[in-house]
Structures are given as structure tokens and as C-alpha cells.
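Me: I'm new to this one. Could you walk me through how to read it, a feature at a time?

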Amino acid sequence: MWFFKCPEFYFGPDALSHLETLQGQRAFIVTDANIAQLGYVETVQERLTTAGIESRVFAEVEPDPSLQTARRGAAAMLDYQPDWIIGLGGGSSMDAAEAMWILYEHPGLDPASISPVVDLGLRQKARFITIPTTAGTGSEANYAVILTDTEEQRKLTLGTREATPDLAIVDPYFTLNLPRQITADTGIDVLTHAIEAYTCTWRNDFTDGLCLQAARLVFTYLPRAVAHGAADEEAREKMANAASIAGITLGNSSVALAHALGHSAGAHFKQLPHGRITALFLPYTIEFNANNGDGRYQDIAHALHLPAEDEQTAADSVAQAVRNLMRAIGLPLTLQEAGVSAAEFEAALPPMVAKTDIDANTMMSSRIPETEEIEKLLRCAYTGAPVDF
Amino acid sequence: MAIPFATDEWIKALQAELNNSDAYNKAAATWEGDFYFIVERGADANAYLYLDLWHGKARDAYAVIEPQSLSPAFELSAPVDIWQKVLGKKIDPIRGIMTRQLKLKGNMMKVMKAPKAAIEMVNCATMVPTDWA
């Protein structure tokens, strides 16, 4: 028995106009300072005004949003009493908005207790809309939240399926002018989500088709989006859709070893964005899985029209295709190429191995590595050596 | 010879397997928290199995006659058939918790952060010859 849950989506050009049909009194928009400067908040507010809905803005979300920010936002919501919460931005803003919403509905709640097994009875005060401005983390499509408790210096991974957004508005207007590097870094994350959700142990019939479609869209449209930017509206639209589709698979299947390695490495090499560092590990984990006969790469290779006579050939061709794509969009294929020095790598290696070893996402991998194999994978990812174990 | 499930003998056999397992010892090296494993038996009274887990070892294990006598950090309960599926590796324990086939009381995020320990515990449980009748 498993489950499948996702928001109601409005997608494509002018999807934002759906806000004009909302019923409600007051909307609380959660975003960051950059988004506010781009004028996107006013664009959203105009649509809400058309619907007769007032709005207030909280534009203080930081990258890696903190519990403390979530509490401040929730306090502002309690003051304003909105009936719609809107998370507008990248993953950080959408995650922060979700956390604030939960704390607004339950002011005394210990955030650490938010989990899939606790019924919160949300939606007594407000409902939740996500509007992504990258393509992307897929956070608009699922309920997982990561906050940093800056006082206790710890990460909180929170989530309850009740907090799946009510609406997700995926309008390519917001990603049309995304800078080239961000387009590449966030776009490749979509592919990692799709491939890992297809091959991990939590894969299922409901997400399989979505994973393959998201992967197809990325291979076709990400190079165009990176190369042509706003001049290629179709590529922007398709990548926005791909990100949400992969976000659905992320919430209803899982990610796996590439994400575990990416999380542990990313904690040390903070200069490398999440999408870039996680995708860097993807080809190596494909090879690792395939060396043990695991992975379902023939299906992926077929979907991408790559050589696929058998699993090993398919895995090799998928891994190479990922590398070719990363090259085409200017992303590094090794940690060394990404600018990590040998000294930095060796210093970080033991904690990276330890963190990956206990990461829940490692356990979702179709082939779970032994501790020694994690170290070997990290070394391969540093130098580009083939994964032959 | 198979040991009847949900008995004092069974949980003590699991304790022995856990303490003999290098893999469990390593995976649960930082784990702190004791459990009630509650076996729901329909019309019959539930069986309560206590397991005290600390830093990779099972310090104590026994069937509990008076459940109110202890307040373990975690309670994990399910009907017999679900336990059989979990220990037969037909249900991933974390997925079982997320779908509420296994009902967890306690800090779920702590459990979610110890999936390797959970997997190794299930591996140890499969080493106990079990009579499910």
C-alpha cells in the first residue's frame, strides 16, 4: 500500500490568471527580497486585487530558511489573519511559506513534531498556494520542508501530507528571464529527481510515467532554455512543467543516493548549488547501481531513445547522456572541476562518508553502498574515475 | 526450532541477534531510545514486547505483562499480519509508518533519520526462526 498526492495545478502561459477566480478575503505572500525587487509580487497582487482579495507581503525569507524566520512569518500571519497563504519564489520561499502556514494554524506547535503520522487538521484558517519562480526544486508539488534552527544549529526535516499545497500555479512568466547559470543549476535538479524517483526502492506505478516524461522534457528543453533564455518561451514553459512533474515524483516516490551524496557534500562545499552538486553525483550512482544489476535503466534509455539492448548498456548510455547534457549546459562533471581543492576534499571526506552512510535517501537506493563504497564513490566523483565496483 | 512470535522468548532471541550483529551495532551506534513493539491480536489482548536500544546494543528485552509499568520513548504497533510482512521484508518499516500500517508513537523524525538501523534490525529479526501460527 502506498499513496499519491499532489496539488491542483494550473500550468502554462497565463496560469497566473487563475488567481483572479479565487474566493477569499486576504492573502499573505511569502517570498524573498530578490523576488520582491523583480516586481513579481506586484504582478501577483494585481491578480488578487482583481479577485477582490487584499494582500500583505513578507519578503524576508533567506536561502536555507530558518525556523526563526518561519516563526516571524507565522506571527505576522496571526496579526493579518489571511485565508490564503502564497509561497512565491524558489524552494526556500515555498518551504518557508508552508512552515509559516502550519504554525499559523497551530501557533503553539513544536515544529519538530510535524510529521506524516500526526494529523494537524489544517485548513481551519487558510489554504496554501505555491507559485515557483525557478524550474526547479519541485517544492510547489510536495509537502516536504527543510528548515534550519539557527539557535540550536540543526536542520529540521518536516512534512505532513496534509500540507501538500492546495494549488500550484506554474506560469512560465516567472522563469522567462531566469539567469543562465540558475537555469542550468535548477534545471538539472529536475533530471536528478526524475531519474532517482524512477529507480529508487519507493518507485511506484503512479510516479513511473511522470518520471520518464520529466526526463524526456529535460533532455529536450533544458539545453534550449540555457542557450536561449527568454527568447525560447516554449523551452521555459516545458522546463517549468518538468520541474513540477518531477516534484510530484519526489513527493510520491523518493530521491536516493545521488541526493544523499549531494546533501553531504553540499554541507561542506556550500559554494556549489544544490542542483549542481547533486547532479554531479548522478552518473556515478547510475554506474554504481548498474554494476550490481540494479536500476531499471533500460526503461529510461528507451524513453530517451538511447542504446538499451540490456541493463548495462542502458545504464552506460544514460550515464553518458547525463554527462553530455551537463557539459552542454556548462556544469562540472567532477568535484575537482567544480573547484574543490584536493585538501578541501580530503578534509571533508570522513564526515561526508559518515553523513551519506546514515542518510535516509541512501536507504532508498536500489543498491545501498557499504561504507567503503561510499568513500570510493566520492573519490570517483572527485577525479572522474570510472565506477568499477 | 521456531519460536512463537510476540513472546518473551522471541524478543530475547531478537535481542541476542541484535547484540551479535556488527552491522546493527554500527548502524545504530548513536541510537538512544527504548521501544514497545505492540502486536495487535484482535479479540485477544495485545502483546507488548519491550526492547531497550542504546548505542548499537539491546540492553534489555522482555514481554511486558503490565504495559502501564513502563514509558518507553517509542511505541510501534500493528496487527500480526503486518508484523509478519515487515519482518518478511514485504513492507519497508519506514513506508509502513508513513502509510500508518505501523502506528508509531514517539519522535518520528528521529526514526526517519535512522533508516539503516531499522533495516538492520529487520535483518536481525529475520534471523530469528519464527512460528507465526
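Reply: Sure. Keep in mind that this is a predicted model. Let's begin with the domains: the C-alpha centres of domain 1 and domain 2 of chain A are 27 Å apart.

Me: Where do domain 1 and domain 2 of chain A run in the sequence?

Reply: In chain A, domain 1 covers 8-175 and domain 2 covers 180-383. Where they touch, domain 1 of chain A puts in 20 residues and domain 2 of chain A puts in 20 residues.

Me: Which strands of chain A each supply at least two residues to the domain 1 side of that contact?

Reply: Look at β1 (8-11) and β8 (167-170) of chain A. By class, the domain 1 side that touches domain 2 in chain A has 11 nonpolar, eight polar and one charged residues.

Me: How do I read the inside of the fold?

Reply: Look for buried nonpolar residues that are linked to one another through C-beta atoms within 7 Å. Here the largest nonpolar core has 123 residues, and those with the most contacts inside it are Val30(A), Ile86(A), Met100(A), Ala194(A), Ala214(A) and Val218(A). Helix α6 (residues 205-228) of chain A gives the largest share of this core, 12 residues.

Me: Why does this core lie between domain 1 and domain 2 of chain A?

Reply: Because domain 1 (8-175) and domain 2 (180-383) of chain A both give residues to this core.

Me: Can we zoom in on a single residue?

Reply: Try Ala214(A). Setting aside neighbours within four places in sequence, Ala214(A) is in contact with Val190(A), Ala194(A), Ala242(A), Ile245(A), Ala246(A) and Thr249(A). There's also a second, separate core of 40 residues, which includes Tyr36(B), Phe37(B), Ile38(B) and Tyr48(B).

Me: How many residues does the contact between chain A and chain B take from each?

Reply: An interface's size is often given as the accessible area lost when the parts come together. Here we can go by residues: 12 from chain A and 14 from chain B. The side of chain A that touches chain B divides into 10 nonpolar, two polar and no charged residues.

Me: And how do I read the overall build of chain A?

Reply: Start with the elements: chain A has 14 helices and eight strands. Then compare its radius of gyration with the globule rule: a compact globule of 389 residues would have a value near 21 Å, and chain A has 20 Å, so the two agree. The C-alpha atoms of chain A fill a box of roughly 60 × 45 × 45 Å along the principal axes.

Me: What share of chain A is buried?

Reply: Of the 389 residues in chain A, 53% are buried. As for contacts in chain A between residues at least 6 apart in sequence, 77% join residues at least 24 apart.

Definitions and conventions: Residues numbered from 1 in each chain as written. Chains lettered and ligands numbered in written order. Predicted model: local features only at pLDDT ≥ 70, side-chain atom pairs only at ≥ 80, totals over all residues. Helix = DSSP H or I, 4+ residues; strand = E, 2+ residues; numbered from the N terminus. Rg over C-alpha atoms; globule rule 2.2 N^0.38 Å. Buried ≥ 20, exposed ≤ 12 C-beta atoms within 10 Å, placed from the backbone. Contact = placed C-beta atoms within 7 Å. Nonpolar A, V, L, I, M, F, W, Y, C, P; charged D, E, K, R; others polar. Domains from an automatic or database assignment.
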